[in-house]
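Please work through the exercises below with the sequence and the model side by side, trying each task before reading its solution.

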Amino acid sequence: MDLVNRYLQAVKFWLPNKQKQDIIAELSEDIRSQIEDRETELGRKLNESEIAAILKQRGRPVLVANRFLPQEHLIGPVLFPIYIFVLKIVTAFYLVPWVLVWIGITVSRAAHSGQSLIGSIGSFWTSFWPMAFFMVGSVTTVFAILERVQAKSGFLEKWDPRKLPPVRDPNRIPRTNSVVEVVANLVFCIWLIGGMWYQTVLHFSGVTITLSPTWRYFFWGFLALAIANMVASELNLFRPYWTWVRAIIRLVSDCVGSVLFCWLMKANIVASISVANVAPEKTAQIAHAINWWSAKMFPVAAVACVIIALVDAYRIFRVRSRALHPAVVLNAATGAH
Amino acid sequence: MHDTVCLVHYMSHGTENDGLLENLRLELRRGCLVLAVLAELRTEQYGYTLRKGLADRGLAVDEGTLYPLLRRLESQGLLASEWREEDKRNKRFYKISRDGKLVLKQLLVEWQGIGLSLEEILKESDHGSR
């Protein structure tokens, strides 16, 4: 019976103080009854391995004890889906961009200063994990607190179906977005044509900025792109649903815009600056600093452009998959909406 | 009915589905267990004999499920228990309480209702599949 006592002691360790004696007494009685029954069946005493088999079949002591404990959770079933949703948002909008920017900076640094990849991975490891743990830990702590508050006040129980948001069609283009895009592109075109018309020297209250000759390419590129975008946005305004073709056009236009923008950052676009009463050496330094910082920000811009392209590509996929979805095909066939 | 037989036959052969079937079986039995325990305890018994009695009637239940359930039902006032000596050993005897009897009565009505509904649904399904 030494084995049984050891087993009971191990179970007892995990039980709540108040119920320890009571549960162990009952469990002990149950095990001894089972052993006695088996002994009566066999007509002899059980050996150690037979007793061990009975105890093993009952399960690990911690699991046996756990069944007597009240069901506890850090975040309950009501808040858990919201918790997972928030974690996904944190991952998508904070952790993933952080990693992408890091990759961009590392690649750029490796190209310019020749820093080793292993050194870069080491620095990533030491800075990413504490930050990720902090983010996930903070979200978990907030939800654990909310769970306690929710359990007491039941604030999530109070809801009204009439206050639910209207049914959202992901392929519908909000008219406000189209209006904003049309106005923004129009203002941009007016500014380009009015202020930057084929000139590379700009004057602002005593400051003269001379752009490099490559600006002309950017001027025409951005102007063409802005006009194309304006036309597309006007079309979206009157037919506010993404179609496969329009989604592809948006991807192409965003890719062209991204390439132009990234090129602009690396193009040393400011040739010179002159300011009244400021020494030319000083203004040359400013011009150099602008170009240097612009080039330094290239990885960030590249990552942003990749994200935009991915969003556009996902839109194409979404429009296509929705068009091929059995429910949509069925609705189209039956004329239902 | 033929479809149901095929489904059960198919599920009983897949290792992955064995686990699924076992989970569904446990889920189905969980609710019935309260009913069975309350009904069995109309006669006073201690844990081990109750477990054996249930197993003998085809409702085997492991001790890790039964004892926590007995405690829960007792804390809900549906069972009463007392420690008593029997065969020179201290045993905890359980018996259904007055409230427990009332709940059992209501649960039995519910159980019979579910049985009838299910029978009706299965009958309709059988007609539909022919």
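Three exercises with worked solutions follow.

The model is predicted, so that local features need pLDDT of at least 70 and side-chain atom pairs count only at pLDDT 80 or more, whereas totals for chains, interfaces and linings use all residues. Residues are numbered from 1 along each chain as its sequence is written, and chains are lettered from A in the order in which they are written.

**Exercise 1.** Work out the strand order of the open sheet in chain B and which strands stand at its edges.

Solution. Strands are DSSP runs of E with at least two residues, and helices are runs of H or I with at least four, both numbered from the N terminus; two strands pair if DSSP finds at least two bridges between them. In chain B, 3 strands form the open sheet in the order β1-β3-β2, with antiparallel pairing. β1 (45-46) and β2 (79-86) of chain B each have a single partner strand, so one side of each is left without a neighbour in the sheet. As for the pairing of β1(B) with β3(B) (residues 89-96), 2 bridges join them, and Tyr46(B) has Phe93(B) as its bridge partner.

**Exercise 2.** Describe the hairpin of β1(A) and β2(A).

Solution. Residues 201-204 and 207-211 of chain A pair in the antiparallel sense over 4 bridges, with Phe204(A) partnered by Val207(A). Between the strands lie 2 residues, and Ser205(A) takes a positive phi near 25°.

**Exercise 3.** Find how many residues of each chain are in contact, and which helix of chain A gives the most.

Solution. Counting contacts as C-beta atoms, placed from the backbone, within 7 Å, 11 residues of chain A meet 11 residues of chain B. On the side of chain A that touches chain B, α2(A) gives the most, with 6 residues.

Methods. Two residues are in contact if their C-beta atoms, placed from the backbone, lie within 7 Å.
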